[in-house]
Amino acid sequence: MTSSTAEPRPVVVGVDGSPSSYAAAGYAAWLAEMRDAPLHLVHGYFTPSYGYAIMGIADPYELTSEQAIAEGDQLLAELAQKLKLAHPRLRSIRATQVGSSPAPLLIEQSKTAQLTVVGCRGLGGFSELLLGSVSAQVAAHAHGPVIVVRPPGNLTAPTTPVLAGYDGSPSSQLALEFAVAEALRRKAKLVVVHVFADDPAAAEDLLVDAVRPLSAAHPDLDVELRTVFGLQPDQVLASESRNAGLLVLGCRGRGGFAGVLLGSVSRILVHHASCPVAVVHSDGSEHE
């Protein structure tokens, strides 16, 4: 009788040649290496035309699909080589190109991924629009957990805390469970934050009741419970994220383009947190 071990589900990352996507790819490679999981690079290419060519004369400003594919192949090959050198224990790397926006493919791939990772083009601050359209679509519509890589800083510092926002909702419970697993994997402290507006005792009880069974199941977990008074949870969590290695939030909707979008707090924080943000969707297999 023979036995076989199925390959772990991959970590999927979108890359487009921008600095933010390279940062996301490096972070995804670190996550995949830590999980002994395959890394899947997804690249979307476009063939824009910048005007109308005279009939019978080739437009010198039009990028042909063959050129776009060749450039994408080169980008992916060079990136894969760099990631292999930087992360020698990576299980494997594969790449896929699509001749359109990569968002639908990333969302489809998220159904079977451990994690889906996307970059963020912005620099921070509540007055700026920071998230690219692909990243926003994936964060809102993916299946399972999505990590939006926020600049700047040492993205792979293992000792920085994992920060989880908790409000007692089912989606925040899933986020808390994901945060516990991630903190244990990173050997990092877990900080669980609840923002309250009226009753500090009830806020403290809410966190204690939520974390007690998880602490009992994981005695090695280093966890801190933090209740913070505030009327704007997004502002509080954005401030708390300055000292975190990862901020974990729940998503109230289900994945897919027909699903409900991110809640307002999650939507703001994927734009404005100071560290990578994990958005845990309720229909993914979050805890592999």
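**Strand β2 and its surroundings**

In the predicted model, the side chains of L39, L41 and H43 point one way from strand β2, those of H40, V42 and G44 point the other way, and all of these residues are buried. In a regular strand, side chains alternate between the two faces of the sheet. Strand β2 spans residues 39–44, and because six of its six residues are buried, the strand is largely enclosed by the rest of the structure.

Strand β2 is paired with two strands. Strand β1 (residues 11–15) runs parallel to β2 and is joined to it by five bridges. Within this pairing, V13 lies opposite L41 of β2. Strand β3 (residues 93–98) is likewise parallel to β2, with six bridges between the two. Here L41 stands opposite A95 of β3. L41 therefore has V13 across from it in the pairing with β1 and A95 in the pairing with β3, and L41 is itself buried. The connection from β1 to β2 includes helix α1 (residues 19–35), and the three elements form a right-handed β-α-β unit.

Two further positions were examined. S169 occupies the loop between β6 (162–165) and α5 (170–186). Its relative accessibility is 11%, so S169 counts as buried, the cut-off being under 20%. The side chain of S169 makes a polar contact of 2.7 Å with the side chain of D167.

V270 belongs to helix α8 (residues 264–272). With a relative accessibility of 1%, V270 also counts as buried. The C-alpha atom of V270 is 9.6 Å from that of A238, a residue 32 positions away along the chain.

Key:
Residues are numbered from 1 along each chain as its sequence is written. This is a predicted model: local features need pLDDT of at least 70, side-chain atom pairs count only at pLDDT 80 or more; totals for chains, interfaces and linings use all residues. Side-chain values use heavy atoms; hydrogens and water are left out. Helices (H or I, at least four residues) and strands (E, at least two) are DSSP runs, numbered from the N terminus. Buried means under 20% relative accessible area, exposed over 50%, partly exposed in between (1.4 Å probe, protein chains only). A polar contact is a pair of N or O atoms within 3.5 Å; within protein, one must be able to donate a hydrogen and the other to accept it, and residues adjacent in sequence count only if both atoms are side-chain atoms. Two strands pair if DSSP finds at least two bridges between them. A crossover is right-handed if, with the strands pointing away from the viewer, the path from the first strand over the helix to the second runs clockwise.
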